[in-house]
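Here's a walk through the fold, going piece by piece through strands, helices and cores. Have the viewer open alongside.

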Amino acid sequence: MTDDIVLTQTLRTRGLNTDDIARLTRIGELARVRRGAYAYAQDGEQTPEMHHRRLVLATAPQLLDGSVVSHGSAAVLHGLPVWRTAIEKVHATCSRSGHGKRRSVVHVHGAPLPASDLTVVDGIVVTALARTVLDLGRTRPMEQAVAAGDAALRLGLSPAALHLGLLGMERWPGVRAARRTIDFLDGASESVGESVSRVRMHLDGLPTPELQQEILGPDGQVIARVDFLWRKQRVVGEFDGKMKYGRLLRPGQTVSDVVFDEKVREDRIRDEDHRVVRWIWPDLRQRWVLRDRVLRALDRRG
């Protein structure tokens, strides 16, 4: 557990009554997380993941014996990327048959829980990293599951652990989708946007690009490392996420400096007879935009 979350019964053992708790909530010293649990006020904006983490920590002590945190909620505790739709409720799994139960705060899934599929994060029993990725693969759209799985590989999860986990899910609902997801994972994808881009390319029938490849200048020196490369057609693909330029900042640099450097970098790539295609999140949200943009570039270089 974390000191940020405090249960109502704990507050009462500290001598606070209902009126005291209500007063502390009104003045902002406490924030109600869910029935029976509060959090001490924190400065700064709460991301959906931070809010859900609080909700998980507040809910876990109130779960029935034998239930463990799983699916999108386990993903949040493991630090994997999730979509808001995956964390609208706290997800837990109980070792039983059936389709599970949905309540106002908790969605309880029914599935076997071997000890090898469990671990502890922040004092909470959760599904282990491999099991969490497999559960997402069974229940979430492919792009969401791949983004989480790629991130898990970057954290050190081995593909062998995922394939071993699949063996125990032979007749489980969604196992075919999970298998398709696991076969598609690639830890070379360095961001959620790159993972989603790969899935869109695959589903739209585009040729499979190489990931994180180096472009060399005439002197044999590396001039760029690119997100996607269609080598035969000499086409480079770059996903530009909101955080990309922030990650590229060096000490003393401004975003304007990075944007200028990126332009120089792209010019050098073009000088080496490569066509550059760029896209951003809104392009991924519109069907066919990425496909048509890449196809135009490939056709011109084909």
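The hairpin of β2 and β3 has two residues between its strands, and G36 takes a positive phi there, near 85 degrees. Keep in mind that this is a predicted model. The hairpin strands, β2 (residues 30–34) and β3, run antiparallel and share four bridges. To find the register, look for A31, which stands opposite A39 in β3. Strand β3 (residues 37–40) also pairs with β1 (residues 5–7), again in the antiparallel sense, this time over three bridges. In that pairing, L7 has A37 of β3 as its bridge partner.

Further along the chain there's an open sheet of four strands in the order β10-β11-β12-β13, and its pairing is mixed. The edges are β10 (210–216) and β13 (275–279), each of which pairs on one side only. On average, neighbouring strands in this sheet are turned by 50 degrees against each other, ignoring direction. Helix α9 (residues 192–203) packs on the sheet and touches β10, β11, β12 (235–239) and β13. The direction of α9 makes about 40 degrees with that of β11. As for β10 and β11 (residues 222–230), they pair antiparallel over six bridges, and I215 has A224 in β11 as its bridge partner.

What does α9 look like by itself? Its twelve residues should span 16 Å at 1.5 Å a residue, and the end C-alpha atoms are 17 Å apart, so the two values agree. Buried residues in α9 include G193, V196, V199 and M201, but also E194 and R198. After the helix comes G205, with a positive phi near 80 degrees.

Then there's α6, with 13 residues and a reach of 18 Å between its first and last C-alpha, close to the 18 Å expected at 1.5 Å a residue. How many of the 13 residues of α6 are buried? Twelve, which leaves the helix mostly covered. The buried ones aren't just nonpolar names: E143, Q144 and D150 are among them, along with M142, V146 and L153. The cover over these buried residues includes α5, α7, α8 and α9. Just after α6, G156 takes a positive phi of about 115 degrees.

Glycines with positive phi have now turned up in three places, so here they are side by side.

| Glycine | Where | Phi |
|---|---|---|
| G36 | hairpin of β2 and β3 | positive, near 85 degrees |
| G156 | just after α6 | positive, about 115 degrees |
| G205 | following α9 | positive, near 80 degrees |

On to the cores. In soluble globular proteins, nonpolar side chains tend to be buried together. The largest nonpolar core here has 28 residues, and L80, V133, L157, L162, I182 and L185 touch the most other members. The elements giving two or more residues to this core are α4 (71–78), α5 (129–139), α6 (142–154), α7 (159–167) and α8 (175–184). The largest share, six residues, comes from α6. Which residues does V133 contact, leaving aside neighbours within four places in sequence? They are L80, A148, G149, A152, L157, L162, I182 and L185. Apart from this core lies another, of 22 residues, with A58, A92, V106 and V121 among them.

One loop residue is worth a look as well. D117 sits between β7 (106–110) and β8 (118–121). Is D117 buried or exposed? It's buried, because its relative accessible area is 18% and the cut-off for buried is under 20%. Outside its neighbours within four places in sequence, D117 is in contact with V126, T127, A128 and R131. D117 and L129 are twelve residues apart in sequence, with their C-alpha atoms 8.2 Å apart in space.

Finally, the overall numbers. The protein's secondary structure comes to 13 helices and 13 strands, and 46% of its 302 residues count as buried. The C-alpha trace spans about 75 × 50 × 30 Å along its principal axes. Of the contacts with a separation of 6 or more, 56% come from residues 24 or more positions apart. The accessible surface is about 16300 Å², and 50% of that belongs to carbon and sulfur atoms.

Key: Residues numbered from 1 in each chain as written. Predicted model: local features only at pLDDT ≥ 70, side-chain atom pairs only at ≥ 80, totals over all residues. Heavy atoms only, no water. Pairing = 2+ DSSP bridges. Axes fitted to C-alpha atoms, helices over the stretch in contact; angles between N-to-C directions. Contact = heavy atoms within 4.5 Å. Core = buried A, V, L, I, M, F, W, Y, C linked by side-chain atoms within 4.5 Å. Buried < 20%, exposed > 50% of the residue type's maximum accessible area, 1.4 Å probe, protein only. Expected span 1.5 Å × (residues − 1). Areas by Shrake-Rupley, 256 points an atom, 1.4 Å probe, with all protein chains shown as cover.
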